[in-house]
Amino acid sequence: MIISKTPFRMSFFGGGTDFPDFYKMYGGSVISTTFDKYCYVNVRHLPRFFDYATELVYSKIERVMDVEEIRHPAVREAMKYLDMHELRISYEADLPARSGLGTSSSFAVGLLNSFYALKGRYADKKKLADDAIYLERVLCKEAGGVQDQIAAAYGGFNRIRFSESGYCVDPIIVSPERKRWLNDNLLLFFTGISRFSSDIQVDTQKSLKDKTTRLLEMLSLVDEAERILTSDCDLEEFGRLLHYTWTLKRGISSGISTTSIDVLYGTARSAGAVGGKLLGAGGGGFFLFYVEKEKQKAVIEALSDLLYVPFSFEDKGTRIIHYSPENYVPAGKE
């Protein structure tokens, strides 16, 4: 039996510049972090006592004889990609799916990590990130960028740079005290709205050519955000920059924000939030706000209809937390 633990991520700046169509022409860069909310993937070979060969347990239960019958696209394609058979796979998570935290990519990374471990093979963080990108963007043909898979695999507070030749992951060099101060001034709220990121990403991808100027400005903000984080200037500037990047992002696609989301954002700002943004593709999910300590109570009260979710940054990325290898012999070869 194998159990993987993979963090979710929050992206602060540069979202949209991680689309290959954009960064292969202009370069791209994002600043993001993983935090202490995780998905867990449990994988083992299924004993041959049942009238099905593979069982999946997530928000649904699937029991099939053939891999091609699996409805969950990532599981189906990952099993075919790594030649996996006769499995029992279960998924649990600390936060809901389709919520702007890169949950589908964290699942893909954790699933691949578990599969490699079950086969007795070590896969490093770059291998897992690359394979997860290939799984979601090529095999499953899902629209979107490529930052989520990298963040989930590597973990930590990073600047990820994209170019025609690939990507690199650079940790943000910031003192533990300043990093903790930033963490303490960020508030996370669940809007209660779930949506399929890929649906919004399709529209976003179509808009890239028309919104190049806006995306280039969002890209330039990554440099400014890193300057704020790595200097000794007031971190309130980080909050103001979050507000500005949100005004840019919501203009990329009509699906990124809605009237109700705009009202929530205005309510938080009126109560004392310096700035904030919807995490992920937009359309719902989680709101992140920068709020100075003395105004946090007022913001939490103003958004009392939403679920407030305390969190802490983490830096480990995906990992195997239980490893009990099995002696598996394919059916018919006993």
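Contact means heavy atoms within 4.5 Å. Helices (H or I, at least four residues) and strands (E, at least two) are DSSP runs, numbered from the N terminus. The model shown is predicted: local features need pLDDT of at least 70, side-chain atom pairs count only at pLDDT 80 or more, and totals for chains, interfaces and linings use all residues. Residues are numbered from 1 along each chain as its sequence is written, and side-chain values use heavy atoms, with hydrogens and water left out.

**View 1. Helix α5 and its cover.**
Helix α5 covers residues 147-154, and 7 of its 8 residues are buried, so this helix is largely enclosed by the rest of the structure. Buried means under 20% relative accessible area, exposed means over 50%, and partly exposed is in between (1.4 Å probe, protein chains only). The buried residues of α5 are Gln147, Asp148, Gln149, Ile150, Ala151, Ala152 and Ala153. Their cover includes the strands β1 (2-13), β2 (28-45), β6 (157-163) and β7 (166-171) and the helices α3 (103-118) and α4 (125-139). Gly155, just after α5, takes a positive phi of about 70°.

**View 2. Leu288 in strand β10.**
Leu288 sits in strand β10, residues 286-290. What is its relative accessible area? The value is 0%, so Leu288 is buried. Leaving aside residues up to four places away in sequence, Leu288 touches Met10, Phe12, Leu186, Leu187, Leu188, Gly275, Gly276, Lys277, Leu279 and Phe311. Tyr323 is 35 residues from Leu288 in sequence and 35 Å from it in space, C-alpha to C-alpha.

**View 3. Helix α9.**
Helix α9 (residues 236-249) has 14 residues. From its first C-alpha to its last, α9 reaches 20 Å, close to the 20 Å expected at 1.5 Å a residue. The expected span of a helix is 1.5 Å times one less than its number of residues. Buried residues in α9 are Phe238, Gly239, Leu241, Leu242, Thr245, Trp246, Leu248 and Lys249.

**View 4. Salt bridges.**
Side chains of opposite charge can pair when their charged atoms come close. A salt bridge is a side-chain nitrogen of Lys or Arg within 4 Å of a carboxyl oxygen of Asp or Glu. The structure holds 19 salt bridges. One of them joins Glu68 and Lys80, whose closest N and O atoms are 3.3 Å apart. Glu68 lies in the loop between β4 (61-64) and α2, and Lys80 in helix α2, so the pair ties together parts that are 12 residues apart in sequence. Lys80 is partly exposed, with a relative accessible area of 37%.

Arg76 and Glu77 also meet through their side chains, at 3.2 Å from N to O. Both Arg76 and Glu77 are buried. In another salt bridge, Arg250 meets Asp262 at 2.6 Å, N to O. This pair links distant parts of the chain, with Arg250 in the loop between α9 and α10 (259-271) and Asp262 in helix α10, 12 residues apart. Arg250 is partly exposed at 35% relative accessibility, and Asp262 is partly exposed at 30%. Arg159, Arg161, Asp170, Asp223 and Glu226 are linked in a network of salt bridges.

**View 5. The loop between α2 and β5.**
Most residues other than glycine have a negative phi, and most peptide bonds are trans. Asp83 is not a glycine, yet has a positive phi of about 55°. Asp83 lies in the loop between α2 (73-81) and β5 (87-93). Glu86, also not a glycine, has a positive phi of about 50° and lies in the loop between α2 and β5. Is each residue buried or exposed? Asp83 is exposed, with a relative accessible area of 52%, whereas Glu86 counts as buried at 12%.

**View 6. Cysteines.**
A disulfide is a covalent bond between the sulfur atoms of two cysteines. The rule used here asks for a pair of cysteine sulfur atoms within 2.5 Å, and by this rule the count comes to 0 disulfides. Why does Cys39 have no such bond? The closest cysteine sulfur, in Cys140, is 15 Å from the sulfur of Cys39, too far for a bond. Cys39 is buried, with a relative accessible area of 0%. Cys233 is buried as well, with a relative accessible area of 16%.
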